[in-house]
Amino acid sequence: MDGETPPGGEHFLLIANSGKPMDLNGFYDPVIIDLEGARFDKKKTAIIADHDTAKRIGHTTQQVIVQAGQTGRIGQKPLTGPVIAASGIRSSKMAVATGFVEDSKEGFPFQVSVGAKIKEGYFVAEGETAKVNGKTWKGPLIVASKTLIRELSVLVLGADNDTTTIAARAKPPKEIEMDFEAYVKSLHLDLESLSAEAVTALQAQHKLLNEEPPPLKRRKRI
């Protein structure tokens with residue numbers, strides 16, 4: 001988190017993808033993002049409206065990709081994978097940005113969409129299956145096995161119906177980036193009383209919360 005907070009900049013939480021197949025414009029078959037191969041292009045991601053780069057809203061201050069069977073956190077909100085999530089700040093003075101903030105405060109049910117570039121992927125034919133994000137999915141299906149997230153969009157209807165925004169607020173969420181001892185303390189555990197195995201497991205979880213996803217598995221390109 002870069003610590004910048006423009007005067008009047010409101011913060012909000014974005015649940016951007018739930019790891020399920022999506023019906024996307026330009027694709028004949030549903031597309032699913034394999035979260036194991038997904039990563040953000042930059043540490044700070046643009047937040048825009050309706051995938052229109054001329055409609056600026058803000059940028060992310062925290063962003064995580066939590067794979068299936070794992071847990072993470074954005075601020076005080078616990079997350080269970082598979083999920084792509086971020087906290088953001090309104091850093092634009094455009095009317096679309098202030099309109100989003102005001103409507104969000106009133107409870108308007110915005111959804112979120114990931115603007116991403118598929119670097120690698122493969123097709124699952126009808127009658128075949130693929131295990132992605134902890135579940136088995138039936139074809140026809142396009143699996144985006146290596147994806148670069150370049151922007152997050154807020155919109156009225158997203159391709160993933162389980163996405164959402166949480167109302168904008170004046171104060172930022174608590175940072176997820178903390179040293180290991182502080183992380184263990186936040187779980188109400190005594191580091192000195194833990195076994196070596198427990199410490200190793202917690203260190204792996206701490207690394208997951210604060211680093212990029214693991215290296216990608218290479219698969220056949222689309």
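**Two buried polar residues, a hairpin and a pocket**

Let me begin with a pair of side chains, those of Gln 63 and Thr 45, which are joined by a polar contact of 2.9 Å. Please keep in mind throughout that this is a predicted model.

Gln 63 belongs to strand β5, which covers residues 52–66, and because its relative accessibility is 17%, under the 20% limit, Gln 63 counts as buried. Its side chain also reaches a backbone atom, namely the oxygen of Lys 43, at 3.3 Å. If we set aside residues up to four places away in sequence, Gln 63 touches Phe 40, Lys 42, Lys 43, Lys 44 and Thr 45, and, further along the chain, Ile 74, Ala 85 and Ala 86.

Ile 74 takes us to strand β6, residues 71–74, where Ile 74 and Gly 72 make up the covered face, whereas Thr 71 and Arg 73 make up the uncovered one. As a reminder, side chains in a regular strand alternate between the two faces of the sheet. Strand β6 pairs with β7, residues 77–80, in the antiparallel sense and over four bridges, with Thr 71 standing opposite Thr 80 of β7. The hairpin that these strands form has two residues between them, and Gly 75 there takes a positive phi near 60°.

I turn now to the second polar residue, Ser 113, which lies in strand β9, residues 111–124. Is Ser 113 buried or exposed? With a relative accessibility of 11%, which is again under 20%, Ser 113 counts as buried. Its side chain and that of His 51 are joined by a polar contact of 2.8 Å, and, leaving aside neighbours within four places in sequence, the residues in contact with Ser 113 include Ala 16 and His 51 as well as Glu 151, Leu 152, Ser 153 and Leu 155.

Both partners of that polar contact reappear in the second largest pocket, which has 19 lining residues, and Ser 113 and His 51 are among those nearest its centre, together with Leu 24, Asn 25 and Val 114. Which elements give two or more residues to this lining? They are β2 (31–33), β9 and β12 (141–155), and β9 provides the largest share, five residues. The space in this pocket comes to about 390 Å³, and its lining, sorted by class, consists of twelve nonpolar, six polar and one charged residues.

To close, I would return to Ser 113, which is buried, is joined through its side chain to His 51, and lies among the residues nearest the centre of the second largest pocket.

Methods
Residues numbered from 1 in each chain as written. Predicted model: local features only at pLDDT ≥ 70, side-chain atom pairs only at ≥ 80, totals over all residues. Heavy atoms only, no water. Buried < 20%, exposed > 50% of the residue type's maximum accessible area, 1.4 Å probe, protein only. Polar contact = N/O pair within 3.5 Å; in protein donor to acceptor, adjacent residues only side chain to side chain. Contact = heavy atoms within 4.5 Å. Pairing = 2+ DSSP bridges. 1 Å grid on protein atoms, 1.4 Å probe; cavity = no way out; pocket = protein on both sides within 12 Å on 5 of 7 lines; lining within 4 Å. Points joined across faces, edges and corners; volume = space filled by probe spheres on them. Nonpolar A, V, L, I, M, F, W, Y, C, P; charged D, E, K, R; others polar.
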